[in-house]
Amino acid sequence: MRLEGKVAIVTGGGQGIGLAYVQRFLSEGARVVIAEIDPGRGAVGLAEAGDLGEVEYVRTDVSDPESCQACADAAVERFGGIDILVNNAALYGDWDMSDQSYAYLKRMFDVNLHGVWLMTRAVAPAMVEGGGGRIVNQASGAAYNYASAPAGEFAGLGSYSYSQTKWGVVGLTKFSAAQLGRYRITVNCIAPGVVGTDATLKQLSEDMLDHLSAEQPIPGRIQVDDLTGAAVFFASDDAGFVTGQVLVIDGGRHMPA
Ligand SMILES: NC(=O)c1ccc[n+]([C@@H]2O[C@H](COP(=O)([O-])OP(=O)(O)OC[C@H]3O[C@@H](n4cnc5c(N)ncnc54)[C@H](O)[C@@H]3O)[C@@H](O)[C@H]2O)c1
């Protein structure tokens, strides 16, 4: 019960990794708000986590400032404060790789990166008022992926929007940690490798997932439960002086200094 008495918001908590965080946080004694854009997924999240503790669903679009503020206000009203924010929501399973337009690039940044800033801004006053807090951002091993263009005639720049946004999350983590440390708010980041979620299987074939999993220094499919312990640590009282850090959980594929 390492999060006993804490109030947590998990964005994108209706399914996949976010739902695993919700479930683990409830099991550790937290009360949790699922901040999720898709009401169907929110309902699934509530159904899957409801038996584990006190959990609410608040429909939230992290790319919309007013929606983020309404989510923070709802958490304070329902549970009396906010101790933990997990910025997990992103266009990942729903990412349309075929859309190379500038408008879509901006949408990716609005959700994956600016959504982290908007939610952080929305919860910070309640955390300051409560004497501190914990923010855990979800980046990705994709932040560290650089692929060279295929040989042949120049075919245009292409879009690396997902990786760009996740590299931005790494940077935003450090900026926010510096800004908020004085208020005893820590900000850290988890960068998972390829995790065997339904979202991943929308983007990659089983064969490709097996191939990527097999070539890691620690081979094997990473599962959602391989990430939750790190989130609990960053969110717990044990991590009071840990801030601005990125923990890569990818079986050793990337080992940034
Ligand atoms: N699964 C992986 O292999 C993997 C690897 C590295 C990083 N990640 C990151 O982990 C997180 C979760 O991944 P997942 O596999 O569970 O993906 P997912 O697509 O299943 O989950 C994302 C969730 O965010 C929600 N969401 C999307 N836009 C939103 C918005 N504007 N406001 C609020 N909620 C919104 C979605 O409805 C969905 O429930 C994402 O940030 C993803 O980029 C995933």
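The following dialogue examines a predicted model of a protein with its ligand.

Trainee: How many residues surround the ligand?

Mentor: The closest residues of the shell are Gln-15, Glu-36, Asn-88, Tyr-162 and Val-195. By class, the shell comprises 13 nonpolar, eleven polar and four charged residues. The number of residues that surround the ligand is 28.

Trainee: At what distance does an oxygen atom of the ligand lie from an N or O atom in the side chain of Tyr-162?

Mentor: A polar contact requires N or O atoms within 3.5 Å. The side chain of Tyr-92 provides one such atom at 3.2 Å from a ligand oxygen, and a polar side-chain atom of Thr-200 lies 3.0 Å from an oxygen of the ligand. For the side chain of Tyr-162, the distance to a ligand oxygen is 2.6 Å.

Trainee: What percentage of the area that the ligand exposes when taken alone does the protein bury?

Mentor: A polar side-chain atom of Thr-200 is 3.0 Å from a ligand oxygen. Taken alone, the ligand exposes 820 Å². The share of that area buried by the protein is 98%.

Trainee: Which elements give two or more residues to the shell around the ligand?

Mentor: The protein buries 98% of the area that the ligand exposes alone. The elements that give two or more residues to the shell are α1 (16-27), α5 (161-180) and α6 (198-203).

Trainee: Which class of aromatic pair do Trp-95 and Tyr-162 form?

Mentor: The structure holds four aromatic pairs. In the pair of Trp-95 and Tyr-162, the ring centres are 4.8 Å apart and the planes differ by 20 degrees. Planes under 30 degrees apart meet the criterion for stacking, and the pair is accordingly classed as stacked.

Trainee: How many residues apart in sequence are the parts that the pair of Trp-95 and Tyr-162 ties together?

Mentor: Trp-95 is in the loop between β4 (84-87) and α4 (102-129), whereas Tyr-162 belongs to helix α5. Trp-95 is buried at 18% relative accessible area, and Tyr-162 is buried at 8%. Because the two rings sit in these separate elements, their pairing ties together parts whose separation in sequence is 67 residues.

Trainee: Which residues do ring pairs link into a cluster?

Mentor: The stacked pair of Trp-95 and Tyr-162 has already been described. Tyr-92, whose side chain has an N or O atom 3.2 Å from a ligand oxygen, also belongs to the cluster. The cluster linked by ring pairs is Tyr-92, Trp-95 and Tyr-162.

Trainee: Is Trp-167, the partner of Tyr-144 in an aromatic pair, buried, partly exposed or exposed?

Mentor: The ring centres of Tyr-144 and Trp-167 are 5.6 Å apart with planes at 75 degrees, so this pair is edge-to-face. Tyr-144 lies in the loop between β5 (133-138) and α5, and Trp-167 in helix α5, so the pair ties together parts 23 residues apart in sequence. Tyr-144 is buried at 16% relative accessible area. Trp-167, at 44% relative accessibility, is partly exposed.

Trainee: Why is there no bond between the sulfurs of Cys-68 and Cys-71?

Mentor: Cys-68 is buried with a relative accessible area of 0%, and Cys-71 is likewise buried at 0%. A disulfide would require sulfur atoms within 2.5 Å, and a search of the whole structure finds zero disulfides. The closest cysteine sulfur to that of Cys-68 is in Cys-71, and no bond forms because the distance is too far, at 7.3 Å.

Trainee: The side chain of Thr-60 reaches which backbone oxygen?

Mentor: Thr-60 is placed in the loop between β3 (55-59) and α3 (65-79). Thr-60 is buried, with 2% relative accessible area. At 2.8 Å, its side chain reaches the backbone oxygen of Val-58.

Trainee: The backbone oxygen of which residue lies 3.3 Å from a polar atom of the side chain of Ser-163?

Mentor: Ser-163 lies in helix α5. Its relative accessibility of 12% counts as buried. The backbone oxygen at 3.3 Å from its polar side-chain atom belongs to Ala-142.

Trainee: What is the phi of Arg-184?

Mentor: Most residues other than glycine have a negative phi. Arg-184 is found in the loop between α5 and β6 (185-192) and is exposed, with a relative accessible area of 53%. Although Arg-184 is not a glycine, its phi is positive, at about 65 degrees.

Note on methods:
Residues numbered from 1 in each chain as written. Predicted model: local features only at pLDDT ≥ 70, side-chain atom pairs only at ≥ 80, totals over all residues. Heavy atoms only, no water. Near = heavy atom within 4 Å. Polar contact = N/O pair within 3.5 Å; in protein donor to acceptor, adjacent residues only side chain to side chain. Areas by Shrake-Rupley, 256 points an atom, 1.4 Å probe, with all protein chains shown as cover. Helix = DSSP H or I, 4+ residues; strand = E, 2+ residues; numbered from the N terminus. Nonpolar A, V, L, I, M, F, W, Y, C, P; charged D, E, K, R; others polar. Phe/Tyr/Trp six-rings, centres within 6.5 Å; stacked < 30°, edge-to-face > 60°. Buried < 20%, exposed > 50% of the residue type's maximum accessible area, 1.4 Å probe, protein only.
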